[in-house]
Amino acid sequence: MNTATGFLRVLAVDDEPPALDELAYHLRADPRVARLHTAGDATEALRVLRDGDVDVVFLDIRMPGLDGMELARVLRRFARPPAIVFVTAYDDGAVDAFDLGATDYVRKPVRAERLAESLRRVIGSRVVPSHPAALARAEEDPTIPIELAGTTRMLPRSAVRWVEAQGDYARLHTADGSHLVRVSLATLAERWADAGFVRVHRSYLVQLKLIAELRLVNSGYVVVIDGAELPVSRRHTRELKDKLVRAAKQDWNR
């Protein structure tokens with residue numbers, strides 16, 4: 001990609017012709033797009049990719065045969081994988097999309113200004129050298145898609161202080177607010193365990209290193225993070241104490 005001018009080689013993939021036509025129309029109208037290919041399914045997309053490199057794939061998720069998520073997993077194994085921008089009418093795949101390293105997640109119907117923002121993010125991500133250390137940092141701190149005033153924004157996982165279960169959703173608490181995402185607390189607990197998040201209650205997941213206090217109160221233990229007191233269930237108390245002790249020993253021995 002010519003990063004000096006920002007010209008992009010783009011592939012748009014959607015099995016619905018009207019949606020593909022609309023997406024292609026907006027992409028062709030953007031001056032940063034140097035060349036645009038289109039494909040009606042994953043098989044056709046792979047043929048395009050076999051014949052030449054592209055910088056970014058705008059990809060529908062729900063398609064017959066190989067769907068968008070499966071195609072994205074294939075693309076990640078390329079020697080020079082393109083950036084992925086998912087374009088979909090649904091929001092239930094957002095967390096999986098960003099687990100796959102997607103640069104953006106755009107809701108249908110697409111708008112020209114929203115696609116322009118996606119292209120800006122793609123250019124920014126592709127300018128950064130693909131050095132192993134840079135890639136490792138990106139994998140260590142993935143982003144989470146959140147909805148703000150009808151726009152999907154990316155929140156770094158490192159910004160999350162603690163998580164609260166709300167039915168089939170989870171509320172991510174940060175230093176300056178909270179955001180509701182459509183993913184269960186159990187799913188986040190499993191995916192984020194290696195990043196230092198621990199379950200302290202059936203309704204709470206916390207970043208271990210941010211716990212300021214473990215305090216005994218009348219009803220049991222609570223942890224304190226950013227001044228908020230979160231309950232610790234009896235079944236998680238012993239494990240939490242052990243993890244806090246191990247973390248303290250590691251810090252002391254550094």
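Visitor: Which residues does aspartate 15 touch when those up to four places away in sequence are not counted?

Guide: A contact means heavy atoms within 4.5 Å. By that criterion aspartate 15 touches Gly40, Asp60, Arg62, Met63 and Pro64, not counting residues up to four places away in sequence. Please note that this is a predicted model, in which local features need pLDDT of at least 70, side-chain atom pairs count only at pLDDT 80 or more, and totals for chains, interfaces and linings use all residues. Residues are numbered from 1 along each chain as its sequence is written, and side-chain values use heavy atoms, with hydrogens and water left out.

Visitor: Where does aspartate 15 lie relative to the helices and strands?

Guide: Helices (H or I, at least four residues) and strands (E, at least two) are DSSP runs, numbered from the N terminus. Aspartate 15 lies in the loop between strand E1 (8-13) and helix H1 (17-28). Its C-alpha is 9.8 Å from that of aspartate 67, and the two are 52 residues apart in sequence.

Visitor: How is burial read, and which of the classes applies to aspartate 15 and which to aspartate 60?

Guide: Buried means under 20% relative accessible area, exposed means over 50%, and partly exposed lies in between (1.4 Å probe, protein chains only). Aspartate 15 counts as partly exposed because its relative accessibility is 27%. Aspartate 60 has a relative accessible area of 4% and is therefore buried.

Visitor: What surrounds aspartate 60, and what does UniProt place there?

Guide: Aspartate 60 has its place in the loop between strand E3 (56-59) and helix H3 (68-76). Apart from neighbours within four places in sequence, it is in contact with Val13, Asp14, Asp15, Gly68, Val87, Thr88 and Lys108. The unreviewed UniProt entry places the feature "modified residue: 4-aspartylphosphate" at Asp60. UniProt positions are given in the numbering used here, feature names are shortened, and annotations may be inferred rather than shown by experiment.

Visitor: Which residue does lysine 108 join through a cis peptide bond?

Guide: Lysine 108 is joined in this way to proline 109, with omega at about -5 degrees. Proline 109 is found in the loop between strand E5 (104-107) and helix H5 (112-127).

Visitor: How should strand pairing be read, and in what order do the five strands of the open sheet stand?

Guide: Two strands pair if DSSP finds at least two bridges between them. The open sheet has the order E10-E9-E8-E12-E11, with antiparallel pairing. Strand E10 (177-181) and strand E11 (197-201) are the edge strands, each pairing on one side only. On average, neighbouring strands of this sheet are turned by 25 degrees against each other, direction ignored. For such angles, axes are lines fitted to C-alpha atoms, for helices over the stretch in contact, and angles run from 0 to 180 degrees between N-to-C directions.

Visitor: How many bridges join E8 to E9, and how many pair E8 with E12?

Guide: Five bridges join strand E8 (residues 162-166) to the antiparallel strand E9 (residues 169-174), where alanine 165 stands opposite alanine 170. Their hairpin has two residues between the strands, and glycine 167 takes a positive phi near 65 degrees. With strand E12 (residues 204-207), E8 pairs in the antiparallel sense over three bridges. There valine 163 stands opposite leucine 205, and the bridge partner of tryptophan 162 is valine 206.

Visitor: Which residue has a positive phi although it is not a glycine?

Guide: Aspartate 226 does, at about 55 degrees. Aspartate 226 is found in the loop between strand E14 (220-225) and strand E15 (228-232), and is partly exposed because its relative accessible area is 47%.

Visitor: How is confidence read, and which element has the lowest mean value?

Guide: The pLDDT is the predictor's confidence in each residue, from 0 to 100. The protein chain averages 83, and 84% of the residues score at least 70. Among its elements, helix H6 (residues 132-140) has the lowest mean pLDDT (46), and E12 the highest (95). Over residues 127-138 the pLDDT is below 50, and this stretch has four contacts in the model beyond near neighbours in sequence. Where pLDDT is low, the predicted coordinates should not be read in detail.
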